[in-house]
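Here are my notes on the model you passed along. Have a look at the coordinates first, then read on.

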Amino acid sequence: MNETRADMEADPEVAPEVLKARFGRDIARDFDLDDPMFNDRFDEVLAFMVNKCPISFSKVGAGYHLVNTNEQVRRVAQDWRTFSSAKGYMPNRPEGLPYLMPEESDPPMHTNWRHKLNPHMSPKVIATYEDVIRQDCNVLIDTFIEKGECEFISEFGALLPGWAFFKNVLGVPIDDLAMLVEGVEQGTFALPAEERPAHMARVFTYLDTHLKWRATQPKRGDVIDTILEGVIYDDGTEAPWDHKVSILVDLTFGGIATTTFVMSSAIHYLAMHPEVRQQLIDDPLLIENAVEEFSRVFPPVIALGRTCTRDVEVAGTEMKEGDFVMLTWGAASRDPRAMEEPEKIDIKRETILHSTFGVGPHRCIGSNLARLELTTTIEEWLRRIPEFSVREGTAPVYVTGFLRSMRELQLVWPK
């Protein structure tokens with residue numbers, strides 16, 4: 001059954017007064033990605049939206065639609081001519097926040113860059129990073145294993161993705177990782193939102209300087225050289241310098257801001273479910289499947305936006321040219337119309353249909369690297385710390401907007 005806006009409005013569970021009593025606001029007609037309620041009741045809200053609200057709306061700022069079902073999210077994501085990325089993926093974008101290439105562009109400009117960049121992120125190339133990433137996993141574990149405890153985010157989860165990306169892809173000193181992680185985090189989540197551009201500006205400035213330095217060095221045949229070489233757009237012009245810097249910022253953003261959440265959520269889940277942990281220890285071949293299931297239920301990218309280029313109808317909702325539309329990847333991956341018992345975490349699930357890495361031309365270029373980092377982390381963690389749990393009296397600390405991040409996870413294990 002494909003629900004429409006009319007079906008939603010006829011459902012008594014979606015009546016404004018019912019939603020305000022349940023969630024503190026009418027999340028069908030006045031949703032807010034930055035509402036602390038969404039952060040605190042994340043799973044409940046996503047489940048409600050995908051089951052009851054094929055299209056919801058926000059009145060925050062200029063307002064935006066949210067598309068929540070798997071079928072409609074995929075439809076919108078693949079129709080870039082009607083739903084453009086060129087005006088950004090963030091609703092109510094703060095003034096002064098630069099656009100990120102190629103994420104915030106459309107074909108053919110987007111296609112030109114992706115054809116250039118894709119070879120550097122292919123499965124074959126990413127596979128060559130495995131030994132370094134596995135070694136780094138163990139270097140990090142070595143720093144705390146004898147203590148019998150760690151704060152997973154600061155001591156492992158926020159470090160490994162950056163190490164993997166900096167060492168293998170960008171060739172940027174890992175000593176600068178903390179500054180860039182802070183810049184990306186604050187550039188994404190800082191409130192009020194008007195403070196975000198200043199944080200992102202530090203990231204742009206750093207990577208602009210790095211790119212200029214690399215332009216003076218002998219070529220290495222890596223992704224930096226490819227960015228410096230640039231592309232020729234269909235109108236015959238060469239990609240300008242600011243586009244090249246933006247490409248580097250976009251890759252860095254994806255490399256350090258998203259994998260940490262899936263990684264930390266997977267480790268938290270295994271800490272809370274020793275029976276699943278034992279399944280993976282007994283049969284490591286299940287880890288690859290578990291990575292897909294953890295990616296499905298722990299989406300770091302909750303929703304990304306598009307702008308309507310014409311009047312269009314989606315699931316019975318009229319959208320006007322210029323309207324902003326968020327594709328709720330996190331909800332679409334929990335759609336009961338697309339899989340059985342989506343609320344259940346099943347590492348043996350045979351078909352895992354998820355939108356965590358996106359759909360359509362903007363599908364995540366770093367998905368192969370993310371999968372390798374997740375797989376290697378679970379393998380090495382379970383090999384070296386097979387018994388672990390969440391420290392008594394503590395719980396994970398989250399922050400949520402159009403991305404979701406875990407800020408703290410206290411773990412303990414027998415010495």
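The points below go through the sheet, the backbone oddities and the charged side chains in turn.

1. A reminder before anything else: this is a predicted model. Please read everything that follows with that in mind.

2. Start with the open sheet, which has 5 strands in the order β1-β2-β8-β5-β3 and mixed pairing. The edges belong to β1 (55–58) and β3 (83–84); each has a single partner strand, so one side of each has no neighbour in the sheet.

3. At the β1 end, β1 and β2 (residues 64–67) are antiparallel partners, with 4 bridges between them. If you want to check the register, serine 58 sits opposite tyrosine 64, and isoleucine 55 sits opposite valine 67. The two strands make a hairpin with 5 residues between them, and glycine 61 in that turn has a positive phi of about 60 degrees.

4. Valine 67 is also a good way into the next pairing, since its bridge partner in β8 is leucine 327. Here β2 and β8 run parallel, joined by 3 bridges. On the other pairing of β8, strand β5 (residues 304–308) is antiparallel to it over 4 bridges, with threonine 307 opposite phenylalanine 324.

5. What covers the faces of β8 (residues 324–327)? Phe324 and Met326 are buried on one side, and Val325 and Leu327 are buried on the other, so both faces of the strand are covered. As a reminder, side chains in a regular strand alternate between the two faces of the sheet.

6. Leucine 66 deserves a look too. This residue belongs to strand β2 and is buried, its relative accessible area being 0%. Its C-alpha is 8.3 Å from that of alanine 303, although the two residues are 237 apart in sequence.

7. Now the backbone. I'd check two cis peptide bonds by eye. One joins methionine 101 and proline 102, with omega about 0 degrees; the other runs from proline 107 to proline 108, with omega near 5 degrees. Proline 102 is in the loop between β3 and α6 (109–117), and proline 108 is in the loop between β3 and α6 as well.

8. Two non-glycine residues have positive phi. Alanine 315, with phi near 50 degrees, is in the loop between β6 and β7 (317–319). Glutamate 341, at about 45 degrees, is in the loop between α18 (329–332) and α19 (367–384). Are these residues buried or exposed, or in between? Alanine 315 is buried at 9% relative accessible area, while glutamate 341 is partly exposed at 45%.

9. On to charges. The whole structure holds 29 salt bridges. One of them joins the side chains of arginine 93 and glutamate 104, at 2.7 Å from N to O. Both residues are in the loop between β3 and α6, 11 residues apart. Glutamate 104 is buried, with 4% relative accessibility.

10. Helix α19 takes part in some pairs worth inspecting. Glutamate 379 forms a salt bridge with arginine 134, with 2.9 Å between the closest N and O atoms. Because glutamate 379 is in α19 and arginine 134 is in helix α8 (residues 130–142), this pair ties together parts 245 residues apart in sequence. Glutamate 379 is partly exposed, at 27% relative accessibility. The wider picture is a salt-bridge network linking Glu130, Arg134, Glu379, Glu380 and Arg383.

11. Arginine 371 has a salt bridge with glutamate 292, where the closest N and O atoms are 2.4 Å apart. Glutamate 292 is in helix α17 (residues 287–297) and arginine 371 in helix α19, 79 residues apart. How do the two partners compare with the 20% limit for buried residues? Glutamate 292 is buried at 15% relative accessible area, whereas arginine 371, at 22%, is partly exposed.

12. Last item: the surface. Which residues form the negative patch? Asp311, Glu313, Glu318 and Glu321 do. Of these, glutamate 313 lies in strand β6 (residues 312–314) and is partly exposed, with a relative accessibility of 43%.

Conventions:
Residues are numbered from 1 along each chain as its sequence is written. This is a predicted model: local features need pLDDT of at least 70, side-chain atom pairs count only at pLDDT 80 or more; totals for chains, interfaces and linings use all residues. Side-chain values use heavy atoms; hydrogens and water are left out. Patches are made of residues with over 30% relative accessible area and no salt bridge: like charges are joined within 9 Å, nonpolar side chains (Val, Leu, Ile, Met, Phe, Trp, Tyr) within 5 Å. Accessible areas come from the Shrake-Rupley method with a 1.4 Å probe; for residues, only the protein chains shown count as cover. A salt bridge is a side-chain nitrogen of Lys or Arg within 4 Å of a carboxyl oxygen of Asp or Glu. Lys and Arg count as positive and Asp and Glu as negative; His and the chain ends are not counted. The place of a charge is taken as NZ of Lys, CZ of Arg, CG of Asp or CD of Glu. Buried means under 20% relative accessible area, exposed over 50%, partly exposed in between (1.4 Å probe, protein chains only). Two strands pair if DSSP finds at least two bridges between them.
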